[in-house]
Amino acid sequence: MGKISLRIAELRKKNRVTQQELADYIGVSFQTISKWETGLSMPDITILPSLADYFSVSTDQLLGLKPLDGELYVPEKTATKDFWNQKLEYLLRSRKGYWNDDYIRFLISQVWKIDKPVSVLDCGCGYGFLGLLLLPYLPKGSTYTGIDFAEDLIKEGENLFKHQKLEAAFFCKNVFDYSAENQYDFVVCQAVLRHLDNPAAFIQKMITFAKPDGYVVCMEANREFECCGLYIDGMDYQELCRHDGLEKKWQTELTRQGRDYAVAIRTAHMMQKLGLVDVDVRMNDKVEFVAMKSPNYDEVKNDFIKYNDWTSGISNEEREKLILHLLTHGLSRKEAEDYCDRNIRIAEFFSDNPDAGYTFMKGQMISYGKKV
């Protein structure tokens with residue numbers, strides 16, 4: 001069982017009951033109610049059923065072990081443009097460690113055997129990271145088109161390509177609403193499917209954009225690999241690998257909204273069922289090894305810490321808010337508390353050990369196939 005988090009104050013205010021009215025019903029003083037609400041003391045176990053009955057909740061709900069009936073599942077917002085319009089800085093800094101350039105060259109020349117100019121369509125392109133990554137290794141004359149519904153990301157992409165004197169076409173549209181005038185040789189997405197409520201429909205839309213014999217490519221990190229892919233020098237690796245309860249969150253999101261954190265390992269099967277041929281899967285070979293002697297150590301490490309939300313302490317109010325969110329997504333209170341406390345320990349470790357290094361493997365899978 002997790003720590004007790006009495007929700008008397010919330011229930012009392014929600015039902016517009018004063019401390020004195022509740023105290024009269026239970027047979028205690030209003031000062032006692034105040035102490036329960038502030039955590040200075042706890043009600044006797046024999047009183048809990050009366051408190052729960054008064055508010056028409058279960059004892060577990062009263063103790064904060066389960067969400068209240070009004071606290072319904074709230075869908076994740078990562079498939080919305082408002083979410084991504086606020087993530088420009090995150091994308092610009094976090095994408096630096098995604099790929100080894102020599103592996104991109106290998107995929108293009110040896111796996112996909114692209115030896116003639118191709119037209120590339122990047123679905124959910126963000127600021128055009130994949131275009132900047134691929135174009136230097138594609139045959140001269142290749143073209144890049146990016147489509148994304150987040151206006152701020154599209155504007156940044158246009159500016160970046162202009163600054164680097166690279167030609168590209170950007171369209172600010174939802175991929176599902178986009179009608180391409182032409183079909184493309186190479187249709188790709190990266191880190192998009194895991195945020196969607198219907199990834200198979202997105203792949204199907206990508207297929208419509210591809211020319212016959214054209215490639216459809218999806219690059220996604222496997223969430224289970226990510227959870228076991230982190231080592232921080234000086235911390236217990238087994239503790240870092242633990243993600244008790246997150247499986248429940250993933251399953252709840254899959255059941256309630258179709259959001260699939262295992263989509264990376266399922267994508268090739270989706271592709272085959274949707275009619276692609278020569279389907280295969282590769283694994284991105286990039287592993288981040290960051291230590292004191294690494295180039296740009298401070299910048300890289302600080303970016304990594306910041307974008308994992310390990311940079312600052314979390315207030316008790318913020319912690320409880322996160323715990324309640326996780327409760328509505330299937331976790332027990334103990335699992336939610338352990339998740340929060342693990343992140344706090346990581347933040348404190350980096351703060352106490354400014355020279356700490358780490359190794360991180362995202363486990364990004366590259367699924368691809370050809371359109372008939």
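**View 1. The second largest pocket of this predicted model holds about 480 Å³ of space.** Its lining is made up of 27 residues. If you would like to find the centre of the pocket, look for Trp84, Gly124, Asp148, Phe149 and Val192, the lining residues that lie nearest to it. By residue class, the lining of this pocket splits into 15 nonpolar, seven polar and five charged residues.

**View 2. Three strands form an open sheet in the order E6-E9-E8.** The pairing here is antiparallel. Strand E6 (230-232) and strand E8 (288-290) each have a single partner strand and stand at the edges, so one side of each has no neighbour in the sheet. On average, neighbouring strands of this sheet are turned by 5 degrees against each other, with direction ignored.

**View 3. Strand E6 meets strand E9 (residues 358-360) through three bridges.** The two strands run antiparallel. To follow the pairing residue by residue, start at Ile232, whose bridge partner in E9 is Tyr358. Helix H16 (residues 297-306) also belongs in this close-up: the helix packs on the sheet and touches E6, E8 and E9. The direction of H16 makes about 60 degrees with that of E9.

**View 4. Strand E5 (residues 210-221) is largely enclosed by the rest of the structure, because nine of its 12 residues are buried.** Alongside E5 runs strand E4 (residues 184-190), and the two pair in the parallel sense over six bridges. A handy place to pick up this pairing is Gln190, which has Met219 as its bridge partner in E5.

Notes:
Residues are numbered from 1 along each chain as its sequence is written. This is a predicted model: local features need pLDDT of at least 70, side-chain atom pairs count only at pLDDT 80 or more; totals for chains, interfaces and linings use all residues. Side-chain values use heavy atoms; hydrogens and water are left out. On a 1 Å grid over the protein atoms alone, a cavity is a set of points where a 1.4 Å probe fits but cannot get out, and a pocket is an open set with protein on both sides within 12 Å along at least five of seven lines; lining residues have an atom within 4 Å of a point. Grid points are joined across faces, edges and corners, and a volume is the space filled by probe spheres set on the points. Ala, Val, Leu, Ile, Met, Phe, Trp, Tyr, Cys and Pro count as nonpolar, Asp, Glu, Lys and Arg as charged, and the others, Gly among them, as polar. Two strands pair if DSSP finds at least two bridges between them. Helices (H or I, at least four residues) and strands (E, at least two) are DSSP runs, numbered from the N terminus. Axes are lines fitted to C-alpha atoms, for helices over the stretch in contact, and angles run from 0 to 180 degrees between N-to-C directions. Contact means heavy atoms within 4.5 Å. Buried means under 20% relative accessible area, exposed over 50%, partly exposed in between (1.4 Å probe, protein chains only).
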